[in-house]
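Trainee: Please take one part of this model and go through it closely, strand by strand and out to the contact between the chains. I would like one connected account.

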2 protein chains.
Amino acid sequence: MHETFLQQTLQLAVDNVDSGKGGPYGAVIVKDNQVIAASANKVTSTIDPTAHAEIMAIRAACKHLNDFRLAGCVLYTSCEPCPMCLGAIYWARLDKVYYACNRFDAAAAKFDDSFIYDEINLLPQLRSIPMLNISLPNAREPFEAWNQKIDKIPY
Amino acid sequence: MHETFLQQTLQLAVDNVDSGKGGPYGAVIVKDNQVIAASANKVTSTIDPTAHAEIMAIRAACKHLNDFRLAGCVLYTSCEPCPMCLGAIYWARLDKVYYACNRFDAAAAKFDDSFIYDEINLLPQLRSIPMLNISLPNAREPFEAWNQKIDKIPY
């Protein structure tokens, strides 16, 4: 069963390369053994660097279920999620992920997944894209407002 | 100048909590000293767990420039980017990031940023959301198709 869903992600990925709509990646999201969302990578055709297959499938599944949480759902993806997609998987609270290729296969095809994983463990200011903290006296005001808000919707 | 843009992100974040449209986060993207995109977090109001302020601002900036790369642009964000947003920053190829709060401030307000950073360094199969590799003989077909494609658009 896992293989069947992973084969679907590979077909999505191959078809996507053929059609020229984006990178060689596909993902499907399954709930109760049914595919509820599927997408290939759409970065170049939608001019959106966040339009990875997993992100697109997560957005579609949330729309389908009308819920920003995907508990009870499993993600199948043609390749190990990059850090962006890994983060999205946690925020969406999926149950589990199955993948076919890994970050090193992606690196061999000149994709940055493995490079970004390596960058994460550098000090923010030493990364190839430097991330610099500036200390401001009121920096925590948004969190204070959040903590005090009675009718907030946690996510 | 950096402080001015960061103050804008804090105002976006506080206003967002007040309006109830999402979490306590704001981001702006600046090119040639001009703000070209700005957003607060929209997870709950758009039912999209990927709708963090940084992701929304990146999408808007790409739309504005009609380019999936944001070289020459700087991201200002009210809080250190989570792993999802960090990944998006790399894929968008931004020049630099400035942030006010950090992942520990976010954790104190019960957000998972720091937790997700910790999860990344676990073996995939040992994460709280297990990520399991299944070996398939044709797993690399999408990458092979990509490598052979003459008119591909790299990103």
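Mentor: In this predicted model, A:Thr77 has A:Tyr99 of strand 4 of chain A as its bridge partner. That bridge belongs to the pairing of strand 3 (residues 73–79) with strand 4 (residues 96–101) of chain A, which is parallel and runs over five bridges. Between these two strands the chain passes through helix 4 of chain A, and the β-α-β crossover is right-handed. Elsewhere along the pair, A:Val74 stands opposite A:Lys96 of strand 4 of chain A.

A:Tyr99 also leads into the other chain, since A:Tyr99 stands opposite B:Asn133 in strand 5 of chain B. Strand 4 of chain A and strand 5 (residues 131–133) of chain B are parallel and share three bridges. The outcome is an open sheet of five strands with mixed pairing, in the order 2(A)-1(A)-3(A)-4(A)-5(B). Strand 2 (34–40) of chain A and strand 5 of chain B are at its edges; each has a single partner strand, so one side of each lacks a neighbour in the sheet. On average, neighbouring strands of this sheet are turned by 20 degrees against each other, direction ignored. Helix 3 of chain A packs on the sheet, where it touches strand 1 (26–31), strand 2 and strand 3 of chain A. The direction of helix 3 makes about 140 degrees with that of strand 2 of chain A.

The exchange of strands is also found the other way round. Strand 5 of chain A pairs with strand 4 of chain B in the parallel sense, over three bridges, and A:Leu132 stands opposite B:Tyr98 in strand 4 of chain B. This gives an open five-stranded sheet with the order 5(A)-4(B)-3(B)-1(B)-2(B) and mixed pairing. Its edges are strand 5 of chain A and strand 2 (34–40) of chain B, each with a single partner strand, so one side of each has no neighbour in the sheet. Here too, neighbouring strands are turned by 20 degrees against each other on average, direction ignored. Within this sheet, strand 1 (residues 26–31) and strand 2 of chain B run antiparallel and are joined by six bridges. B:Gly26 stands opposite B:Ala40 of strand 2 of chain B. Helix 3 of chain B lies across strand 1, strand 2 and strand 3 of chain B, at about 140 degrees to strand 2 of chain B.

The relation between the chains comes next. A turn of 180 degrees with a shift of 0.0 Å along the axis lays chain A on chain B with an RMSD of 0.0 Å. The two copies are thus related as by a two-fold rotation axis. Of the residues of chain A, A:Met84 has the C-alpha that comes closest to that axis, at 1.8 Å.

As for the contact itself, 73 residues of chain A and 73 residues of chain B take part. Several elements of chain A each supply at least two residues to the side that touches chain B, among them helix 1 (2–19), strand 4, strand 5 (131–133) and helix 7 (141–148). Helix 4 of chain A gives the most to that side, with nine residues. By type, the residues on the side of chain A that touches chain B are 46 nonpolar, twelve polar and 15 charged. The copies meet through the same surface, because 100% of the interface residues of chain A are interface residues in chain B as well.

Helix 4 can be followed further in chain B. Ten of the ten residues of helix 4 (residues 83–92) of chain B are buried, so the helix is largely enclosed by the rest of the structure. Among them are B:Met84, B:Leu86, B:Ile89 and B:Trp91. The buried residues of this helix pack against helix 4 (83–92) and helix 6 (113–120) of chain A. Within chain B, they pack against helix 3 (53–65), strand 3 (73–79), strand 4 (96–101) and helix 6 (113–120).

Just after helix 4 of chain B, B:Arg93 takes a positive phi of about 60 degrees. Most residues other than glycine have a negative phi. In chain A, A:Arg93 likewise has a positive phi of about 60 degrees although it is not a glycine. A:Arg93 is in the loop between helix 4 and strand 4 of chain A. With 17 other C-beta atoms within 10 Å, A:Arg93 is partly exposed.

How values were computed:
Residues numbered from 1 in each chain as written. Chains lettered and ligands numbered in written order. Predicted model: local features only at pLDDT ≥ 70, side-chain atom pairs only at ≥ 80, totals over all residues. Buried ≥ 20, exposed ≤ 12 C-beta atoms within 10 Å, placed from the backbone. Helix = DSSP H or I, 4+ residues; strand = E, 2+ residues; numbered from the N terminus. Contact = placed C-beta atoms within 7 Å. Pairing = 2+ DSSP bridges. Right-handed = clockwise from strand over helix to strand, strands pointing away. Least-squares fit on C-alpha atoms with pLDDT ≥ 70 in both. Nonpolar A, V, L, I, M, F, W, Y, C, P; charged D, E, K, R; others polar. Axes fitted to C-alpha atoms, helices over the stretch in contact; angles between N-to-C directions.
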